[in-house]
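This briefing goes through one protein chain by topic. Please have the sequence and the 3D view open while reading.

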Amino acid sequence: MKFSPANSLPEYPRPQLVRKDWLNLNGLWELAITNRDVARPDSFPEQILVPFPVESALSGIMRIPSENQAIWYRRNFSIPKKWIGQRILLHFGAVDFETTAWVNGRKVGEHRGGYDGFTFDITDAMVPGGSNELIVSAWDPTDAGTQPRGKQLRKPHSIWYTPTSGIWQTVWLEPVSAAHIKDLKITPDVDKNAIIVHPITTAALGDYSVEVTIRDGSQRVYQASIAPGGQ
């Protein structure tokens, strides 16, 4: 596969809970690497190909930040008009290690952890019909910190790996209704030849249910309606 700003992991990134409407934010972002104590850079002098980590050649940067530096990303985005009136979710597949995000200067969330995906609801910080500025900061001390890091070292050798700092998985937007499915917990029950489906939903006013359909290929084998909090 040949990567380019127009072809930077264009596939929908989540194998479950696939939604038809989404906006991939991979591609060229503005970049600044600063001292960690900087509140916000005055300028973003470089460009990086997201979602490749700053240490990689594919990112276009190929540098290892120190534990005293922060990685700053910036880009603008606009949402399709048909999304206006819905909640807008900003998803990160993974960012190593400590992340903060702002939309139009308003902080929309923080996350710690380099291996798990996370989501911020950015609806209230957006200009629905115009351009929006997204800024993301990331800090990764690698082997100078106590966080889980696997075999990453700032000076890799032998069996030790080059660090993976900053955004390293797809970033994308999705529109959802106020009441929507956040996740699914699926537990097999081998003895009963069954599976238990527990939908994790948002809290919303009013009554609603979750429709579950199980198919074997194209054949529907089971269908049920689940009340909020049920399984």
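Which of the 30 residues in the largest nonpolar core touch the most other members? They are Trp29, Tyr73, Phe92, Ile122 and Leu173. The model is a predicted one. The protein chain has 0 helices and 16 strands, and the points below cover its overall figures, its cores, its strand pairing and some backbone details.

**Overall figures**

- The C-alpha trace of the protein chain extends over about 55 × 50 × 35 Å along its principal axes.
- Of the 231 residues in the protein chain, 40% are buried.
- Among contacts with a separation of 6 or more, 61% join residues that are 24 or more positions apart.
- The protein chain has an accessible surface of about 13,100 Å², and carbon and sulfur atoms account for 51% of this surface.
- There are 24 positive and 24 negative charges in the protein chain, and their mean positions lie 3 Å apart.

**Nonpolar cores**

- In soluble globular proteins, nonpolar side chains tend to be buried together.
- The largest nonpolar core holds 30 residues, Trp29, Tyr73, Phe92, Ile122 and Leu173 being those that touch the most other members.
- At least two residues of this core come from each of strand S2 (27-35), strand S3 (46-50), strand S4 (69-77), strand S5 (87-92), strand S7 (98-103), strand S9 (118-121), strand S10 (132-139) and strand S12 (171-176).
- Leaving aside residues up to four places away in sequence, Leu173 touches Trp22, Leu23, Leu25, Phe77, Ile79, Trp83, Ile88, Leu89, Leu90 and Ile122.
- A second core, separate from the other, has 5 residues, among them Ala32, Phe44, Ala70 and Ile135.

**Strands S2, S4, S7 and S10**

- Strands of a sheet pair through backbone hydrogen bonds, either parallel or antiparallel.
- S2 pairs with S4 in the antiparallel sense, over 6 bridges. Thr34 stands opposite Ala70 in S4, and Ala70 is also one of the residues of the second core.
- S4 also pairs with S10 in the antiparallel sense, over 7 bridges. Arg74 stands opposite Ile135 in S10, while Arg75 stands opposite Leu134 in S10.
- S10 pairs with S7 as well, in the antiparallel sense and over 6 bridges. Here Thr99 has Ala138 in S10 as its bridge partner.
- S4 is mostly covered, with 7 of its 9 residues buried.
- Why is S10 described as largely enclosed by the rest of the structure? The reason is that 8 of the 8 residues of S10 are buried, where buried means under 20% relative accessible area.
- From S10, Asn132, Leu134, Val136 and Ala138 point one way, and Glu133, Ile135, Ser137 and Trp139 point the other way. The residues of both sets are all buried.

**The open sheet**

- Four strands form an open sheet in the order S1-S12-S5-S9, and their pairing is antiparallel.
- Its edge strands are strand S1 (23-24) and S9, each of which pairs on one side only.
- S5 and S12 pair over 6 bridges in the antiparallel sense. Phe92 stands opposite Val171 in S12, and Phe92 is one of the residues that touch the most other members of the largest nonpolar core.

**Backbone details**

- Most residues other than glycine have a negative phi, and most peptide bonds are trans.
- Val50 and Pro51 are joined by a cis peptide bond, with omega of about 20°. Pro51 is placed in the loop between S3 and S4.
- Asp96 and Phe97 are likewise joined by a cis peptide bond, with omega of about 10°. Phe97 is in the loop between strand S6 (95-96) and S7.
- Leu9, which is not a glycine, has a positive phi of about 50°. Leu9 lies in the segment before S1 and is partly exposed, with a relative accessible area of 24%.
- Asn104, which is not a glycine either, has a positive phi of about 55°. Asn104 lies in the loop between S7 and strand S8 (106-112) and counts as partly exposed at 32% relative accessibility.

Terms used: Residues are numbered from 1 along each chain as its sequence is written. This is a predicted model: local features need pLDDT of at least 70, side-chain atom pairs count only at pLDDT 80 or more; totals for chains, interfaces and linings use all residues. Side-chain values use heavy atoms; hydrogens and water are left out. Buried means under 20% relative accessible area, exposed over 50%, partly exposed in between (1.4 Å probe, protein chains only). Contact means heavy atoms within 4.5 Å. Accessible areas come from the Shrake-Rupley method with a 1.4 Å probe; for residues, only the protein chains shown count as cover. Lys and Arg count as positive and Asp and Glu as negative; His and the chain ends are not counted. The place of a charge is taken as NZ of Lys, CZ of Arg, CG of Asp or CD of Glu. A nonpolar core is a set of buried Ala, Val, Leu, Ile, Met, Phe, Trp, Tyr and Cys residues joined through side-chain atoms within 4.5 Å. Two strands pair if DSSP finds at least two bridges between them.
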